[in-house]
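Subject: Handover of a structure, with notes

Dear colleague,

I am passing on to you the structure we spoke about, together with some notes for someone who has not worked with it before. Please have it open beside this message as you read.

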Amino acid sequence: MRYAQLVTGPAGSGKSTYCNALVQHGFNTKREINIVNLDPAAEYFSYEPFIDIRNLIHVQDTMEDEDLQFGPNGGLLYCMDYLIKNADWLQGQLGTQEDDYILFDCPGQIELYTHLTTFRKLIALLQSWNFNLCCVYLLDVQFMTDGAKFVSGTMSALSVMVNLELPHVNLLTKMDLISKSTKKQLDRFLEPDSHALLGDIELNHSWFNDKYKRLTDAIGQLVEDHSLVRFLPLNLNDEENLSDILLTIDNILQFGEDQDVKTKDYDVIDEEND
Ligand SMILES: Nc1nc2c(ncn2[C@@H]2O[C@H](COP(=O)(O)OP(=O)(O)OP(=O)(O)O)[C@@H](O)[C@H]2O)c(=O)[nH]1
Ligand SMILES: [Mg+2]
């Protein structure tokens with residue numbers, strides 16, 4: 001088995017920064033984690049990608065090509081389809097190393113995750129190459145700081161979950177940028193089974209016209225009643241926080257469980273021999 005996180009989220013939500021931080025954390029804890037850059041428009045990296053889609057195709061190629069003449073967004077979608085059509089390239093680059101742990105640093109065009117099929121195809125390919133996958137969806141906490149925004153961010157996470165059908169973890173990034181009082185308010189939203197979210201919409205958004213308010217209430221209630229979406233705060237300056245998040249994702253990926261199973265087998269044999 002091999003293991004991978006698909007690091008997704010809107011433009012600028014902190015995907016590449018998170019990937020880099022995990023690799024550094026891996027370095028500190030003697031654990032090898034590699035990054036695959038899947039963003040054909042990336043220009044600058046704070047990390048050295050293990051594999052880089054830009055060696056296959058660069059978004060600039062699709063914009064300058066006389067026949068294609070794409071703009072940046074159409075060009076990106078073309079590049080992702082090109083990657084799927086040339087999956088052999090990616091398969092060759094990934095090799096067949098057992099127990100590899102990979103972060104796929106994905107592009108920030110949200111439509112790739114919410115309704116297009118390109119990523120579903122990529123996921124099916126990776127699974128056929130023996131990857132256990134987890135989707136990690138990053139959202140900038142600054143867009144989650146009041147009830148209405150929180151519901152909207154929650155819906156975006158939900159639509160990615162429904163479209164990709166993968167085990168899923170939501171992370172709130174840039175926690176260091178919000179004030180203490182905002183953080184307090186956020187804590188109320190993050191607490192399971194609290195009705196803070198609904199209360200907040202009631203109090204602060206009386207200007208909402210009735211119909212929208214009822215809709216937002218209903219969505220908030222649905223998400224809360226069914227525990228559909230949870231967010232974990234990500235704090236890059238806190239090694240313990242990174243370690244907790246990595247452990248949560250490892251458990252979802254069943255990373256390390258094979259080793260446990262092997263040890264358990266030995267235990268059973270030992271007991272039988274006793
Ligand atoms: N203060 C702070 N800044 C952050 C954090 N994470 C990311 N940033 C900054 O936010 C900006 C965008 O971060 P990236 O990691 O490039 O975001 P991305 O999701 O990879 O962006 P795209 O690939 O363009 O979609 C950069 O200037 C980062 O330095 C964080 O936790 N705290
Ligand atoms: Mg990036």
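The notes below go from the whole chain to the sheet, then to one helix, and finally to some loop residues.

Please keep in mind throughout that this is a predicted model. The protein chain contains 12 helices and 7 strands, and buried residues account for 29% of its 274 residues. Of the contacts in the protein chain between residues at least 6 apart in sequence, 73% link residues that are at least 24 apart.

The sheet

The 7 strands form an open sheet in the order β3-β2-β4-β1-β5-β6-β7, and their pairing is parallel. At the edges are β3 (51-52) and β7 (231-233), each of which pairs on one side only.

Strand β1 (residues 2-8) is a good place to begin looking. Because 7 of its 7 residues are buried, β1 is largely enclosed by the rest of the structure. R2, A4, L6 and T8 point one way from the strand, while Y3, Q5 and V7 point the other way. Its partners in the sheet are β5 and β4: 7 bridges join β1 to β5 (residues 131-140), with the two strands running parallel, and 5 bridges join β1 to β4 (residues 101-105), again in a parallel arrangement. If you would like particular pairs to find on the screen, L6 has C135 of β5 as its bridge partner, whereas in β4 the partner of Q5 is L103 and that of Y3 is Y101. Helix α6 (residues 118-128) packs on the sheet, where it touches β1 and β5, and its direction makes about 145° with that of β5.

Helix α1

Helix α1 covers residues 15-28, and at 1.5 Å a residue its 14 residues should span 20 Å; the C-alpha atoms at its ends are 20 Å apart, so the expected and modelled values agree. Its buried residues are K15, S16, Y18, C19, A21, L22 and V23. What covers these buried residues includes the strands β1, β2 (34-37), β4, β5 and β6 (168-173), as well as helix α11 (239-253).

How do the axes of α1 and α11 cross, and within what distance do they come? The two axes come within 11 Å and cross at roughly 95°, which means that α1 is roughly perpendicular to α11. On the α1 side the contact is made by A21, L22 and H25, and on the α11 side by E239, L242 and L246. Sorted by class, the residues of this contact are 4 nonpolar, 1 polar and 1 charged. Just after α1, K30 takes a positive phi of about 55°.

Two loop residues

Two further residues with positive phi may be worth a look as you go through the loops. D99, in the loop between α4 (87-94) and β4, has a phi near 65°, a positive value in a residue other than glycine. K174, which is not a glycine either, has a positive phi of about 60°, and its place is in the loop between β6 and α8 (180-190). Is each of them buried or exposed? D99 has 12 other C-beta atoms within 10 Å and is therefore exposed, while K174 has 20 such atoms within 10 Å and is therefore buried.

With best wishes

How values were computed: Residues numbered from 1 in each chain as written. Chains lettered and ligands numbered in written order. Predicted model: local features only at pLDDT ≥ 70, side-chain atom pairs only at ≥ 80, totals over all residues. Helix = DSSP H or I, 4+ residues; strand = E, 2+ residues; numbered from the N terminus. Pairing = 2+ DSSP bridges. Contact = placed C-beta atoms within 7 Å. Expected span 1.5 Å × (residues − 1). Axes fitted to C-alpha atoms, helices over the stretch in contact; angles between N-to-C directions. Parallel < 35°, antiparallel > 145°, perpendicular 65-115°, else oblique. Nonpolar A, V, L, I, M, F, W, Y, C, P; charged D, E, K, R; others polar.
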